[in-house]
Amino acid sequence: MSNTAQSLASTRIASLLDENSFVEIGGQVTARSTDFNMAGMETPSDGVITGYGVINGSLVYVYSQDATVLNGAIGEMHAKKISNIYDMAMRLYEFAQKTGAPVIGLVDCAGMRLQEATDALNGFGEIYMAQAMASGVIPQITAVFGTCGGGMALIPAMTDFTFMES
C-alpha cells in the first residue's frame with residue numbers, strides 16, 4: 001500500500017475501504033526540504049497516504065495522515081498530495097460524471113511543519129483553496145483520530161461532516 005507498510009494511517013484506509021480497492025497516489029513522495037537537519041530524516045510518503053478506492057462499490061478519494069512521520073505535521077509535499085486528491089475529485093466531477101466522489105480525510109496531525117516555514121504555509125493555503133473550490137460541489141468528510149493542531153484545525157471545519165474519536 002505504501003512505503004509506510006503497516007502504519008496506522010494505512011490500517012485506517014484499509015479498514016475504511018472495500019478490500020483491495022485502494023490505489024495509492026504519490027507513495028514515493030518525500031519531504032523536499034533540507035533545512036534544519038531535514039536532509040537526514042526519512043519521511044515516508046511525507047507523512048500522508050493519499051489515493052482512491054471504493055466503499056460499497058462507490059468511488060471515494062482518501063488521505064490519511066501518519067503521525068509516526070514528523071508527528072503528521074504538514075509540509076510542502078504533504079500539502080501538495082492532499083491538494084492533488086481534491087484536484088482529482090474535482091476533475092472527475094467536471095469532466096466525467098457530474099456526481100461528486102467524496103474526499104475523506106483521516107486526520108492525525110500536529111499542525112504545520114515548522115522546519116519548512118513559508119513552504120508549509122503555502123501548502124496550507126493550497127489545501128484551503130482546494131477545499132473552498134470543492135465546497136458545495138463534492139462531499140468532504142473528515143475524521144479526526146488524534147491531534148489536529150494549528151492551521152490543521154481549519155481543514156475539518158471546512159468539510160461537510162467531521163467525526164472525532166474520543
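By a nonpolar core I mean a set of buried Ala, Val, Leu, Ile, Met, Phe, Trp, Tyr and Cys residues joined through side-chain atoms within 4.5 Å. I keep in mind throughout that this is a predicted model.

**Entry 1: the cores.** I looked up the largest nonpolar core and found that it has 24 residues, with Y61, Y63, I74, Y86 and V103 making the most contacts inside it. Strand 3, helix 2 (76-97), strand 4 and helix 3 (117-134) each supply at least two residues of this core, and helix 2 gives the most, with 8 residues. I then followed Y63 and, leaving aside its neighbours within four places in sequence, I found it in contact with V48, I49, T50, I82, Y86, V103, I104, G105, L106, V107 and I155. Apart from the largest core I noted another, of 10 residues, which includes F22, I49, I104 and A143. For background, I recall that in soluble globular proteins nonpolar side chains tend to be buried together.

**Entry 2: helix 1.** I listed the buried residues of helix 1 (residues 8-16), which are A9, S10, R12 and I13. These residues cover an arc of only 155° around the axis, which puts them on the same side of helix 1. When I checked what the buried residues of helix 1 pack against, I found strand 2 (48-55), strand 3 (58-65), strand 4 (103-109) and strand 5 (140-148).

**Entry 3: helix 3.** I compared length with expectation: at 1.5 Å a residue, the 18 residues of helix 3 should span 26 Å, and its end C-alpha atoms are 26 Å apart, which agrees. I recorded A120, G123, F124, I127, A130, Q131 and A134 as the buried residues of helix 3. Seen down the axis of helix 3, the buried residues fall within an arc of 125°, so they line one face of the helix. On the face turned away from that buried side I found the exposed residues T118, L121, M129 and M133. Just after helix 3, I noted that G136 takes a positive phi of about 80°.

**Entry 4: D108.** I located D108 in strand 4 and asked myself whether it is buried or exposed. Its relative accessibility is 12%, and because buried means under 20%, I entered D108 as buried. The side chain of D108 reaches the backbone nitrogen of T147 at 3.4 Å. Not counting residues up to four places away in sequence, D108 touches R12, Q65, A67, N71, G72, G146 and T147; among them, R12 is one I had already entered as a buried residue of helix 1.

Terms used
Residues numbered from 1 in each chain as written. Predicted model: local features only at pLDDT ≥ 70, side-chain atom pairs only at ≥ 80, totals over all residues. Heavy atoms only, no water. Buried < 20%, exposed > 50% of the residue type's maximum accessible area, 1.4 Å probe, protein only. Helix = DSSP H or I, 4+ residues; strand = E, 2+ residues; numbered from the N terminus. Arc of directions from axis to C-beta. Contact = heavy atoms within 4.5 Å. Expected span 1.5 Å × (residues − 1). Polar contact = N/O pair within 3.5 Å; in protein donor to acceptor, adjacent residues only side chain to side chain.
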